[in-house]
Amino acid sequence: MNVLGSLSGFRGRLCLAFLFLFSAQLLSAQWAPLVTDADAAQRITWWREARFGMFLHWGVYSIPGHGEWAQWFEQIPTDQYAKLADQFHPEHFDADAWASTAKAAGMKYMVLTARHHDGFALFDDPVSSFTAMKSAAHHDFVADYVKAVRKAGLGVGLYYSPLDWRYPGFFFPGIYQHNAAELRQQYDRQIDELALHYGKLDILWFDGGGNEWLGFGGVEFTGSNWQARPKDHPYSGSFDWQDVKTVAHLRQLQPGIILNDRTDAPADFRSREGDGALGDFDNTHPWELCTTITEGAWGYQPEAKVKPLAQLLRLLIGAAGRDGNMLLNVGPRPDGQIDPAQASRLSEIGQWLRLNGESIYGTRGGPWLPGGYGVSTHQGKMVYIHVLHAPQNSKLVLPTLPVKVVKATVLNGSDFAFEQTAQTFILNLPPSSPDTIDTIVKLELAEAWTTSAVIPVPAK
Ligand code: GLC
């Protein structure tokens, strides 16, 4: 029997509300400093150029289909929750199919939840028995995944949560010191497992590490009050994740790997979470917006509505125009398949990128900052103005560029007239555009735009 199957829809909705609040809290989860070593810029280059990746949240929580936080929100005892592993034998798991879906969507890298906060590992761990290898599936899904993603020519990423809800030591490290130490040993051991047995990894995407999260900030343990410690009240107990040590070791085992900022160790890129966190332009610190393709949780929810194409494209374009990446999450079904509705949205995104990808991949945000019109991106002598909100009279007036514009075309359309003065750059947009979501104006400059300088644009 499905352990969680009997929970009502109302409770499910409550969980969604909690999840929303939780996500809102996480928007500020950017504590780790960024790396400053000599290779940092070179290490992150491929990823910056890639711009778009696939996130996959998949584990035993996919079975009840209430999202990956089900155990926490529904306060399911660990021994009862663990029984889900007996039902986890995904008969349609096909890592090559995942990779080709990502590729067809125009994604350039993938990140799979090797282990989420519930503690169930999709890989083997010689010590823990709560793994896919030692339960019904008897399979190492991480192994197949890494092989398939690599074969497809995409960047290989794994998500890993140092935090594990099964350990009281996480919540009360002061009282359960021994247990907290065991949790840390698991963290070190599992990072070693991942780093040593799957060949080259390109990304390790941490979540729930760092002292900020210990005891969930020490506040009330209800979903709605889940939050990180306030910056002015850092954790002062004796426990330490020792992220700096673990991460340094990981970097030694996996030279070239890039890491996000959800531990206390120096990171390669910053993470922003959820549609609402698209945020400000930043071309100094590499960053990534992660968000879901459906409304609701990250893990599979059968009823979850897929977001409209325009909304998702605007996020991707918005991220590129703010000089960031987007990691778009799908939550495969318990049988291993990506839900057809999600897969078909992904394929629509891929169609758009096949036509317009030159304005996204390999570009940097700017030179014009985001504004009422939309955003801009550039590469070499080309600047792409993504007009997301066409002006009423089709006349787009921007502050001028300090470089001569030699030509303006609508991407996949025709040339048109423009006017460049010492103060303004004026485009009379053609009445119809090949793209209804984003009119992309491609400008050719007399010389390449190589500076990181930006031009502010009035909001209206
Ligand atoms: C949060 C959540 C989580 C999800 C992640 C993605 O940290 O805990 O469920 O995995 O964000 O960014």
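This report covers confidence, one sheet, one helix pair and two backbone features of a predicted model.

## Confidence

The protein chain has a mean pLDDT of 90. Of its residues, 90% reach 70 or more. Residues 1–30 are another matter: the pLDDT there is below 50. This stretch still has 44 contacts in the model beyond near neighbours in sequence. Where pLDDT is low, predicted coordinates should not be read in detail.

## The five-stranded sheet

Five strands form an open sheet in the order β9-β10-β11-β16-β13. Pairing is antiparallel. The edges are β9 (364–365) and β13 (405–410). Each has a single partner strand, so one side of each is left without a neighbour in the sheet.

Within the sheet, β10 covers residues 374–379 and β11 covers residues 382–387. The two run antiparallel and are joined by six bridges. At one position in this pairing, His378 stands opposite Val383 in β11. A helix also meets the sheet: α10 (residues 309–321) lies across β9, β10 and β11. The direction of α10 is at about 55 degrees to β10.

## Packing of α5 and α6

Packed helices are described by the angle between their axes and the distance between the axes. For α5 (residues 95–104) and α6 (residues 141–151), the angle is about 40 degrees. Their axes lie 8 Å apart. Angles of 65 to 115 degrees count as roughly perpendicular and those under 35 as roughly parallel; α5 and α6 are therefore oblique to each other. The crossing of α5 past α6 is right-handed.

On the α5 side, the contact is made by Ala95, Asp96, Trp98 and Ala99. On the α6 side, Asp144, Tyr145, Lys147, Ala148 and Val149 take part. By class, six of the contact residues are nonpolar and three are charged. The contact has no polar residues.

## Backbone exceptions

Most residues other than glycine have a negative phi, and most peptide bonds are trans. Two places in the model depart from this pattern.

One is the peptide bond between Gly366 and Pro367, which is cis, with omega about 10 degrees. Pro367 sits in the loop between β9 and β10. The other is Arg51, with a positive phi near 65 degrees. Arg51 is found in the loop between α2 (40–50) and β1 (52–56).

Conventions: Residues are numbered from 1 along each chain as its sequence is written. This is a predicted model: local features need pLDDT of at least 70, side-chain atom pairs count only at pLDDT 80 or more; totals for chains, interfaces and linings use all residues. pLDDT is the predictor's confidence in each residue, from 0 to 100. Two residues are in contact if their C-beta atoms, placed from the backbone, lie within 7 Å. Two strands pair if DSSP finds at least two bridges between them. Helices (H or I, at least four residues) and strands (E, at least two) are DSSP runs, numbered from the N terminus. Axes are lines fitted to C-alpha atoms, for helices over the stretch in contact, and angles run from 0 to 180 degrees between N-to-C directions. Angles under 35 degrees count as roughly parallel, over 145 as roughly antiparallel, 65 to 115 as roughly perpendicular and the rest as oblique. A crossing is left-handed if the near helix is turned anticlockwise from the far one by less than a right angle, and right-handed if clockwise. Ala, Val, Leu, Ile, Met, Phe, Trp, Tyr, Cys and Pro count as nonpolar, Asp, Glu, Lys and Arg as charged, and the others, Gly among them, as polar.
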